[in-house]
Amino acid sequence: MTHFLGTHQNRLDAKGRVSIPAPFRAALRALKGDGGGLILRPAHTHACIEGWPEAIFHTLASSLDSLDLFSEAHDDLAAALYADAYPVEPDKEGRIVLPEALVSHAGLEDGVVFMGLGRTFQIWQPEAAARRRAEARERARAHAITLPAATLPAAGAAP
């Protein structure tokens with residue numbers, strides 16, 4: 001599996017460690033050959049932590065190359081992307097230490113929720129995660145947001 005799927009709740013221990021859900025660890029292992037570890041950063045638009053596989057984060061960040069190196073726009077985006085980004089490596093049990101700045105940004109205490117977003121994931125305070133999922137579903141319904149039609153394999157056919 002190379003996508004982060006589902007919503008999983010875990011506990012944050014006194015040392016700031018949390019176990020990455022097993023399905024997310026499997027996705028990270030599958031992506032390991034594409035660039036290594038995991039980057040955590042504060043979300044721009046929500047009080048949560050974003051989890052980026054390193055290769056996907058670097059693909060996003062490479063867009064900075066299109067901006068003038070000495071421009072204010074480049075400096076602002078570089079600061080927003082890199083200054084608060086933390087590379088982390090899970091231990092043997094699949095735990096990571098969440099940096100205090102990110103814990104504070106997301107308002108985390110004991111419980112945390114990992115929300116899969118496909119290529120990335122987010123870490124939320126549980127009640128905030130439930131509100132976010134409800135808001136996203138409602139906004140998608142209200143705006144009739146859909147995806148372009150895709151050709152799906154026939155039943156029983158190999159993907």
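Helices, taken as H or I runs of at least four residues, and strands, taken as E runs of at least two, are DSSP runs numbered from the N terminus. With that in hand, let's walk through this predicted model.

**The sheet**

An open sheet is built from 6 strands, ordered S1-S7-S8-S4-S3-S5, with antiparallel pairing. Strands S1 (7-11) and S5 (86-88) sit at the edges with a single partner strand each, so one side of each has no neighbour in the sheet. On average, neighbouring strands here are turned by 25° against each other, direction ignored.

At the S1 edge, the antiparallel pairing of S1 with S7 (residues 111-116) runs over 5 bridges. Asn 10 stands opposite Val 112 in S7 there.

**The helices on the sheet**

Two helices meet these strands, and here is how they compare side by side:

| Helix | Residues | Strands touched or crossed | Angle |
|---|---|---|---|
| H1 | 22-31 | S1, S3 (38-42), S4 (49-53), S7, S8 (121-124) | about 50° to S7 |
| H2 | 54-61 | S3, S4 | about 100° with S4 |

So to speak of H1 in words: it lies across S1, S3, S4, S7 and S8. H2 packs on the sheet as well, touching S3 and S4.

**The largest pocket**

Which element gives the largest share of the lining of the largest pocket? That is H1, with 3 residues. The pocket's volume is about 170 Å³. Its lining has 10 residues, and Leu 28, Arg 29, Lys 32, Glu 89 and Pro 90 lie nearest the centre. By character, the lining divides into 4 nonpolar, 2 polar and 4 charged residues.

Key:
Residues numbered from 1 in each chain as written. Predicted model: local features only at pLDDT ≥ 70, side-chain atom pairs only at ≥ 80, totals over all residues. Heavy atoms only, no water. Pairing = 2+ DSSP bridges. Axes fitted to C-alpha atoms, helices over the stretch in contact; angles between N-to-C directions. Contact = heavy atoms within 4.5 Å. 1 Å grid on protein atoms, 1.4 Å probe; cavity = no way out; pocket = protein on both sides within 12 Å on 5 of 7 lines; lining within 4 Å. Points joined across faces, edges and corners; volume = space filled by probe spheres on them. Nonpolar A, V, L, I, M, F, W, Y, C, P; charged D, E, K, R; others polar.
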